[in-house]
Amino acid sequence: MSEQEGGNGSPNSSSLTPYEEALEVLSSLIIRRTRVDSSILEDQFEVLFKYLKMLDLEEPISNMNIIHVAGTKGKGSTCTFTESILRNYGFHTGLFTSPHLIDIRERFRLDGVDISEEKFLAYFWWCYDRLKEKTDDNIPMPHYFRFVAILAFKIFAAEKVDVAIMEVGLGGKYDATNVVREPIVCGITSLGYDHMEILGNTLGEIAGEKAGIFKDRIPAFTVRQPDEAMHVLEEKASLLNVPLQVAPPLDAKLLNGLALGLKGEHQYLNAGLAVALCSTWLKRTGHLGDTDLEQTNTLPEPIIKGLTSASLQGRAQIVPDQHINNEKPNELVFFLDGAHSPESMEVCARWFSLAIKEYNLDQTLFHQQPDEAVKIHNGESEVQRKSIQILLFNCLPVRDPQMLLPRLMKTCADHGVHFKKALFVPSLSVYNKVGSQALTLSDPNVDLSWQFTLQRVWKNLMQDNQGKSTEIDSEELKDDVEMSASNCEHSAVFPSLPAAIKWIRDRVQQNRSVRFQVLVTGSLHLVGDVLKLVKNWIHGSNL
């Protein structure tokens with residue numbers, strides 16, 4: 001390793017591991033994203049090709065068999081299904097997704113596994129050193145996401161993958177992944193309102209940005225879209241002679257009684273798109289002939305295995321808290337989903353509402369203690385231990401909580417689920433750091449103004465729902481909220497995520513006859529932070 005700008009001038013660089021040192025340097029490339037004029041974006045985008053030239057990546061990228069996927073919701077899930085299917089066909093796969101939840105190496109997967117630390121370091125410094133040497137004031141170093149995308153192309157080229165599945169980071173047209181000139185096939189997942197401060201305020205504008213990944217005569221697939229978005233996609237496709245098709249949702253019967261590896265009814269939409277993308281990739285690369293997999297009444301075994309074995313952290317994920325559950329199983333369970341748009345919030349709420357009912361029934365039937373009285377009546381279980389639902393929430397200030405929290409509350413209520421308490425917390429990770437150095441376990445000067453705003457929205461929703469059947473009995477929580485910054489009957493603001501989780505664990509200890517089920521949502525960053533804490537990653541045990 002050369003001097004490599006080591007710890008970016010950090011006084012603590014000598015105490016860092018080689019991996020932490022690389023993450024420190026990577027952190028120096030982070031900037032805040034803002035909406036800028038499209039002409040400036042275009043100029044910035046063109047610079048990407050100069051970086052590729054500096055790294056001699058133009059030809060390797062042109063030789064890759066790439067699947068390129070954009071969209072608002074379901075990009076990561078669709079890419080995960082796609083990679084899993086093609087890996088089960090025996091192909092050497094590369095998968096690039098964002099964001100990461102715990103470790104940046106999650107963004108670069110080879111054959112379904114995060115890239116090793118050793119390989120990450122080798123490729124990271126290879127790219128960084130060459131760019132540092134060749135860039136100047138006129139062509140500065142690429143910022144964080146652009147560097148990470150370039151790094152992904154380098155990794156996949158050097159590893160000689162058979163297929164590279166590239167998930168767009170933001171938008172499409174000017175995204176760093178869009179340096180791909182000739183992908184094998186493109187996909188557009190469900191579109192909705194997100195990143196409006198950058199992509200535009202209408203579905204049409206957003207769809208136009210996503211359609212920026214379309215390439216001349218390269219086949220593309222999408223899912224059912226709102227009319228406004230679909231019209232723009234079709235218009236953009238027509239201009240480029242792109243054969244655009246709508247992939248139908250996967251028919252669950254085709255899985256032969258098995259379940260998708262990613263949970264939630266919405267995943268059948270993503271799975272259907274993944275099958276269409278894989279079918280086209282297999283045909284266009286000469287591995288399938290003319291068979292239309294998405295049009296047949298049966299699916300080949302590799303597709304079924306790929307769909308049913310796919311896994312993705314932070315999406316409809318259920319994690320029992322080992323800190324509590326070593327003593328008695330399932331007293332505290334976290335239900336994690338990184339939903340952060342109005343549409344995905346409804347999907348998350350439906351998943352959570354159905355998941356806790358299935359989970360409670362499963363735990364009753366398979367994990368009951370001998371002295372617990374259980375009765376089955378009309379398919380429903382009645383157990384002396386009852387369940388309480390808690391909401392743990394944060395979202396970025398650029399998002400509108402008036403669009404998120406009402407949909408979450410109403411959808412849950414429509415399914416008979418009512419939160420006993422909503423906890424609002426600041427982010428544990430800071431935006432300008434990567435890795436363990438990004439974690440701020442406590443900050444006495446933390447600004448909680450945004451969390452107070454979220455709490456006010458929740459309080460107003462609770463007031464609007466007074467008189468409706470909320471079945472809330474706060475007595476069970478036995479509140480002791482000296483750790484909170486603002487506590488009300490049905491909500492609280494905590495100065496840190498660890499403080500909120502400690503409060504939840506304390507409540508569990510005080511209410512041993514009650515199961516606590518915590519929905520963590522609003523931000524993938526929050527989900528990642530909770531996973532770090534619950535899985536003790538911060539303390540060195542990266543499970």
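These are my notebook entries on a predicted model, written down as I looked things up.

**Entry 1: the sheet**

I began with the strands. I found an open sheet of 8 strands with mixed pairing, in the order β4-β3-β2-β5-β1-β6-β7-β8. The edges belong to β4 (113-114) and β8 (244-246); each has a single partner strand, so one side of each is left without a neighbour in the sheet. As a reminder to myself, strands of a sheet pair through backbone hydrogen bonds, either parallel or antiparallel.

At the β8 edge I checked the pairing with β7 (residues 220-222), which is parallel over 3 bridges. Phe221 has Gln245 in β8 as its bridge partner.

**Entry 2: strand β1**

Next I looked at β1 (residues 66-70), where 5 of 5 residues are buried. In a regular strand the side chains alternate between the two faces of the sheet, so I checked each face of β1 in turn. Ile66, His68 and Ala70 are buried on one side, and Ile67 and Val69 are buried on the other.

Which strands pair with β1? On one hand there is β5, running parallel and joined to β1 by 4 bridges. On the other there is β6, also paired in the parallel sense over 4 bridges. His68 is a handy marker here: its bridge partner in β5 is Met166, and in β6 it stands opposite Cys186.

**Entry 3: two helices**

I then took the ruler to α10 (residues 267-284). Its 18 residues reach 25 Å from first C-alpha to last, close to the 26 Å expected at 1.5 Å a residue. Helix α10 is mostly covered, with 16 of its 18 residues buried. After α10 comes Gly286, with a positive phi near 80 degrees.

Helix α15 (residues 449-464) got the same treatment: its 16 residues should span 22 Å, and the end C-alpha atoms are 23 Å apart, which agrees. Which residues of α15 are buried? My list reads Trp450, Gln451, Leu454, Gln455, Val457, Trp458, Leu461 and Met462. They cover an arc of only 155 degrees around the axis, which puts them on the same side of α15. The spacing makes sense to me, because an α-helix has 3.6 residues a turn, so residues three or four places apart point the same way. The face of α15 turned away from the buried side carries the exposed residues Gln463 and Asp464.

**Entry 4: aromatic rings**

I counted the aromatic pairs next, and the structure holds 20 of them. One of these is Tyr19 with Phe120, edge-to-face at 5.7 Å centre to centre, with 75 degrees between the planes. The pair links distant parts of the chain, since Tyr19 is in helix α1 (residues 18-27) and Phe120 is in helix α5 (residues 117-134), 101 residues apart. Are these two rings buried or exposed? Tyr19 is buried at 8% relative accessible area, and Phe120 is buried at 1%.

I also noted Phe45 and Tyr174, whose ring centres are 6.1 Å apart with planes at 70 degrees, so this pair is edge-to-face. Phe45 lies in helix α2 (residues 38-54) and Tyr174 in the loop between β5 (163-167) and β6 (185-188), so the pair ties together parts 129 residues apart in sequence. Phe45 is buried at 8%, and Tyr174 at 14% also counts as buried.

Stepping back, I saw that ring pairs link a cluster made of Tyr19, Phe96, Phe108, Phe120, Phe124, Trp125, Tyr128, Phe145 and Phe147. One more ring went into my notes: Lys154 lies over the face of Trp126, at 3.7 Å from the ring centre.

**Entry 5: a buried glutamate**

Where is Glu331? I found it in the loop between α12 (322-325) and β10 (332-336). Glu331 has 0% relative accessibility and therefore counts as buried. Its side chain makes a polar contact with the side chain of Arg512, at 2.9 Å.

**Entry 6: backbone oddities**

I closed with the backbone. Most residues other than glycine have a negative phi, and most peptide bonds are trans. The Ser98 to Pro99 peptide bond is cis, with omega near -10 degrees, and Pro99 lies in the loop between β2 (93-96) and β3 (108-110).

Asn241 is not a glycine, yet has a positive phi of about 55 degrees. Asn241 lies in the loop between α9 (227-239) and β8, and at 43% relative accessibility it counts as partly exposed. Ala316 likewise has a positive phi, about 50 degrees. Ala316 is placed in the loop between α11 (301-309) and β9 (317-320), and is buried at 10%.

Notes: Residues numbered from 1 in each chain as written. Heavy atoms only, no water. Buried < 20%, exposed > 50% of the residue type's maximum accessible area, 1.4 Å probe, protein only. Polar contact = N/O pair within 3.5 Å; in protein donor to acceptor, adjacent residues only side chain to side chain. Expected span 1.5 Å × (residues − 1). Phe/Tyr/Trp six-rings, centres within 6.5 Å; stacked < 30°, edge-to-face > 60°. Lys NZ or Arg CZ within 6 Å of the ring centre and 35° of its normal. Pairing = 2+ DSSP bridges. Arc of directions from axis to C-beta.
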